Amino acid sequence: MTVEDILVDGSSPEGGVISIWTLNRPDKLNALNADSHRAIKEASVRANSDDSVRCVVIRGAPPPDAEGKRAKPHAFAAGADISEFSGKDSDGVRPFFEDNGWEAVWNICKPTIAMVDGFALGGGTELALSCDIRIASDRSTFGQPEINLGLIPGGGGTQRLCRLIGYGRTMEIVLSGGMVKAEDALGMGLVNRIVPPEELESETMSLAQEISRKSPYTTKVAKRVVRGALELPFSEGVLMERSEFVALFDTEDKEIGVRAFLERSDAKWVGR
Ligand code: COA
């Protein structure tokens, strides 16, 4: 995986970056092997600890030149690397799945966006689901085909999909192992937006920039509180929201934001 930082335009505090992660095994449709998980976990640690990182965008490398051979399709990630499953028993696979990249991404405290172009299957759909927002090209395909291997999703797919698109649709996807076209994924709320492939990068980066220009303190609070809706009973979630909302009144960024609105100027956040 390659990690590249691009500066946030007009970032305040200054020096904010969007961290762009590119899964880089296009010959294998960016299938997630042990090295991919190691790199994702390392990059997740840095995304959490480095104050300059405002937002993370995850994408798959495009296919290499075919050089006369059959062209490989575009992929975000076509799943866990199936070649690493062969001959493994539960003891062999457990350590890897207990400490995996999907949870590392899910646990990033800053906003995350999956930029999907092509196949996002199995662990690829699960990686997209571990992000907060999914933007896909209209030639993308999603699915949880593990059932065809005598398996089930193991990277949180059953749980995150169910919370995102509901029980019945999740059951259909998990039990059939079928492919879900981008347009249908949009209809069921699996993705936030679909765009033509040539607009995918600009659309995604423009949203990443917009999010990255908010107070870095407040975006973390917002993410934590919305996440509460998945984990907490409703009334506890409402209490959590109220308590976090009230606490924001002790931050400098709340004063800065309110003053900027009243003065019709741009807020210059300090991140606290
Ligand atoms: N793990 C390991 N290798 C994979 C892979 C995966 N999940 N998905 C694709 N690849 C590899 C193929 O083995 C092939 O390698 P090769 O060129 O060295 O033979 C290469 O990526 C290209 O894939 P290929 O199957 O030839 O492309 P295609 O256009 O014919 O089909 C898919 C594309 C996505 C339909 C097909 O690759 C597929 O079904 N992949 C597995 C999806 C899956 O079950 N994921 C869940 C895993 S738990």
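A residue counts as buried when its relative accessible area is under 20%, and this cut-off will be needed at several stops of the tour, which runs through a predicted model.

**Start with helix 4**

Select residues 123–130, which make up helix 4. G123, G124, T125, E126, L127, A128, L129 and S130 are buried there. Because eight of the eight residues of this helix are buried, helix 4 is largely enclosed by the rest of the structure.

**Step back to the whole chain**

Now show the protein chain in full, where eleven helices and ten strands can be traced. Along the principal axes, the C-alpha atoms fill a box of roughly 60 × 45 × 35 Å. The radius of gyration of the chain is 19 Å, which agrees with the value near 19 Å that a compact globule of 272 residues would have. Of these 272 residues, 44% count as buried, while the accessible surface of the chain comes to about 14200 Å², with 54% of it belonging to carbon and sulfur atoms. Among the contacts with a separation of 6 or more, 67% are between residues 24 or more positions apart.

**The ligand and its shell**

Next, select the ligand together with the 18 residues around it, of which K28, K72, A78, A80 and I82 come nearest. The shell divides into twelve nonpolar residues, no polar ones and six charged ones. Three atom pairs are worth displaying as distances. A polar side-chain atom of K72 lies 2.8 Å from an oxygen atom of the ligand, and a backbone N or O atom of D27 lies 3.5 Å from an oxygen atom of the ligand. At I82, a polar backbone atom is 2.9 Å from a nitrogen atom of the ligand. The ligand taken alone exposes 860 Å², and the protein buries 68% of that.

**C55 in strand 3**

Move on to residues 53–60, which form strand 3, and pick out C55 within them. Is C55 buried or exposed? Its relative accessibility is 0%, and C55 therefore counts as buried. If you leave aside the neighbours within four places in sequence, the residues in contact with C55 are V17, I18, S19, P111, I113, A208 and S212. Add K220 to the selection as well: C55 and K220 are 165 residues apart in sequence, yet their C-alpha atoms are 10 Å apart in space.

**Q209 in helix 8**

From C55, turn to helix 8, which covers residues 197–212 and holds Q209. With a relative accessibility of 10%, Q209 counts as buried. Apart from residues up to four places away in sequence, Q209 touches I6, L7, V8, D9 and I18; I18 has already appeared on this tour, as one of the contacts of C55.

**S137 in strand 7**

Select residues 133–137 to bring up strand 7, and within this strand look for S137. S137 is buried, because its relative accessible area is 0%. Which residue has a side chain joined to that of S137 by a polar contact? The partner is D117, and the contact spans 2.7 Å. Beyond four places in sequence, S137 is in contact with V116, D117, G118, A182, I194, V195, P197 and L200.

**Three backbone details in loops**

The last stops concern the backbone, and each of them lies in a loop.

- P13 is in the loop between strand 1 (2–7) and strand 2 (17–23); a cis peptide bond joins S12 and P13, with omega of about -5°.
- N30 is in the loop between strand 2 and helix 1 (34–49). Although N30 is not a glycine, its phi is positive, at about 60°, and with a relative accessible area of 2% this residue is buried.
- E67 is in the loop between strand 3 and strand 4 (75–77). Its phi is positive too, at about 45°, although E67 is not a glycine, and at 69% relative accessibility E67 counts as exposed.

To finish, display N30 and E67 together: both have a positive phi without being a glycine, but N30 is buried, whereas E67 is exposed.

Notes
Residues are numbered from 1 along each chain as its sequence is written. This is a predicted model: local features need pLDDT of at least 70, side-chain atom pairs count only at pLDDT 80 or more; totals for chains, interfaces and linings use all residues. Side-chain values use heavy atoms; hydrogens and water are left out. Helices (H or I, at least four residues) and strands (E, at least two) are DSSP runs, numbered from the N terminus. Buried means under 20% relative accessible area, exposed over 50%, partly exposed in between (1.4 Å probe, protein chains only). Contact means heavy atoms within 4.5 Å. A residue is near a molecule or strand if one of its heavy atoms lies within 4 Å of it. A polar contact is a pair of N or O atoms within 3.5 Å; within protein, one must be able to donate a hydrogen and the other to accept it, and residues adjacent in sequence count only if both atoms are side-chain atoms. Accessible areas come from the Shrake-Rupley method with a 1.4 Å probe; for residues, only the protein chains shown count as cover. Ala, Val, Leu, Ile, Met, Phe, Trp, Tyr, Cys and Pro count as nonpolar, Asp, Glu, Lys and Arg as charged, and the others, Gly among them, as polar. The radius of gyration is taken over C-alpha atoms; the globule rule is 2.2 Å times the number of residues to the power 0.38.
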